[in-house]
Amino acid sequence: MSAAVVESQDAQESGVREGAFGNARALSCRECGHEVELGPHYACSECFGPLEIAYDFPQVTREEIEAGPRNIWRYKALLPVPTDIETSPNTEPGFTRLLEAKNLAAELGLTRLWVKDDSTNPTNSFKDRVVACALSAARELGSKVFACPSTGNLANAVAAAGARAGMKTVVFIPSNLEQPKQVNSAVFTESLVAVEGNYDDVNKLASEIAGEEDGWAFVNVNVRPYYAEGSKTLGYEIAEQLGWRLPDQIVIPVASGSQLTKVHKAFQELITLGLVEDKPYKVYGAQAAGCSPVSVAYKAGVDAIRPVKPDTIAKSLAIGNPADGIYVLDVCRQTGGAVEDVTDDEVREAIVLLARTEGIFTETAGGTTVGVLKKLVESGQLDPELETVVINTGHGLKTLDAVAGSVGPVATIAPSYAAFAATGLA
Ligand SMILES: *Cc1c(COP(=O)(O)O)cnc(C)c1O
Ligand SMILES: [Zn+2]
């Protein structure tokens, strides 16, 4: 019997329809390469390493992609989703704007800078991309509940996508989360659970529940391999929007580290498929000093990540024990990039800098990334002459408190011309 026949029999036994995961072939262990059939698995049965999606890609052309919808499904051939993915209700994220940032470039002394602005996704963060892919997997696997442990943005995206798909959602957050992010989840779901503890505590609880309950798809736990692939679309879009070219340098925020490693994976796939020219590029990771386990390991020149207890206003990046931290180190070192961190004050300053130079209001994660870009230029780690992309992953309205104390009315005046003239603004 051929391998293909065995596979389709397995698929029938597990109740998954043919083509449920598109061109994905199997789940493959990142550590030992052991392959298992596509299903709700996330850890290798041989070595407990993380599982990743492996594909048999057909020949894909630029024209086919360009003829697709203006959302992430234009790249469906490169994702673990069925070919009829557009017929199922989802949030249709992606194809966000790539803006040339001439003012910020001038301010920082860069020749050519672009901002990939992912704050305009349906729930205002990049998480809609990963959740859309996780929702497809949950649906194909017949899951009953769509759930997640979250630092905030993921809960917003899961709650909204589940609502649109008509699926029961349960989302877990640390109880000290910013109020706007709590409301942004609670408005979509009856089942927002605030857990007394930090993200790493919430994550542990989710793994426990996933082990106890059948049919729960925790997007970033038991369907994590499918979820993670959604981040690749950021890389595809950047290349396509640059006119099917890769940038020279890219600065990406790091929470679990998944996004950074998948943008790199996307660039590599585009090269392999012949959709962009092969060329060197440097990948840089951005963390907040109050939660910088990957940056600390990078600077120490070690391979192991020592978990930390987060203490930073960049709550969406506050993962003290990042699952993909070691792979971030690999990517940044191999490409000649770096991992850097900035203080909360530098995060606040960078939020205002991006707003006042480019008219883009970012949340603390974007403040971290722009702050790190600035620091990398100033310290000579990033070449100002090379074409650079910086990713803004979330909207400033989600973390208003971060800058509410440092910006506001320049004056409060009586409604008279004399009072206005006295301000010196005339
Ligand atoms: C989740 C998140 C990230 C990065 O996530 P990874 O876990 O590293 O993939 C970056 N920015 C924002 C705003 C996020 O919500
Ligand atoms: Zn393994």
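**A walk around H5, its sheet and a few neighbours**

Let's start with helix H5, which lies across strands S6 and S7 and runs at about 175° to S6. Keep in mind as you look around that this is a predicted model.

The two strands under discussion belong together. S6 covers residues 145–149 and S7 covers residues 168–174, and they pair in the parallel sense over five bridges. If you want a spot to get your bearings, find Phe146, which stands opposite Thr169 in S7.

Now zoom out to the whole sheet. S6 and S7 sit in an open sheet of four strands, ordered S8-S7-S6-S9, and the pairing is parallel. At the edges you'll find S8 (192–195) and S9 (216–218), each of which pairs on one side only. Going from one strand to the next, the twist averages 20°.

Back to H5, this time for its helix partner. When two helices pack, people describe them by the angle between their axes and the distance between those axes. H5 spans residues 153–165 and H6 spans residues 179–186; they pack at an angle of about 15°, and their axes are 8 Å apart. Since angles under 35 degrees count as roughly parallel, that angle makes H5 roughly parallel to H6. The H5–H6 crossing is left-handed.

Which residues in H5 and H6 meet? On the H5 side they are Asn153, Ala155, Asn156 and Ala159, and on the H6 side they are Lys181, Asn184 and Ser185. Sort the residues of this contact by character and you get two nonpolar, four polar and one charged.

Further along the chain there's another parallel pair to look at. Strand S10 (residues 249–253) is joined to S11 by five bridges, and the two run parallel. A handy landmark here is Ile252, which stands opposite Gly285 in S11. S11 takes in residues 282–288, and six of its seven residues are buried, so the strand is largely enclosed by the rest of the structure.

One last stop: Glu140, in helix H4, which runs over residues 127–140. Is Glu140 buried or exposed? With a relative accessible area of 12%, Glu140 is buried, because the cut-off for buried is under 20%. As for its company, leaving aside residues up to four places away in sequence, Glu140 touches Val16, Arg17, Ala20, Phe21 and Pro82.

Notes. Residues numbered from 1 in each chain as written. Chains lettered and ligands numbered in written order. Predicted model: local features only at pLDDT ≥ 70, side-chain atom pairs only at ≥ 80, totals over all residues. Heavy atoms only, no water. Axes fitted to C-alpha atoms, helices over the stretch in contact; angles between N-to-C directions. Parallel < 35°, antiparallel > 145°, perpendicular 65-115°, else oblique. Left-handed = near helix turned anticlockwise from the far one by under 90°. Contact = heavy atoms within 4.5 Å. Nonpolar A, V, L, I, M, F, W, Y, C, P; charged D, E, K, R; others polar. Pairing = 2+ DSSP bridges. Buried < 20%, exposed > 50% of the residue type's maximum accessible area, 1.4 Å probe, protein only.
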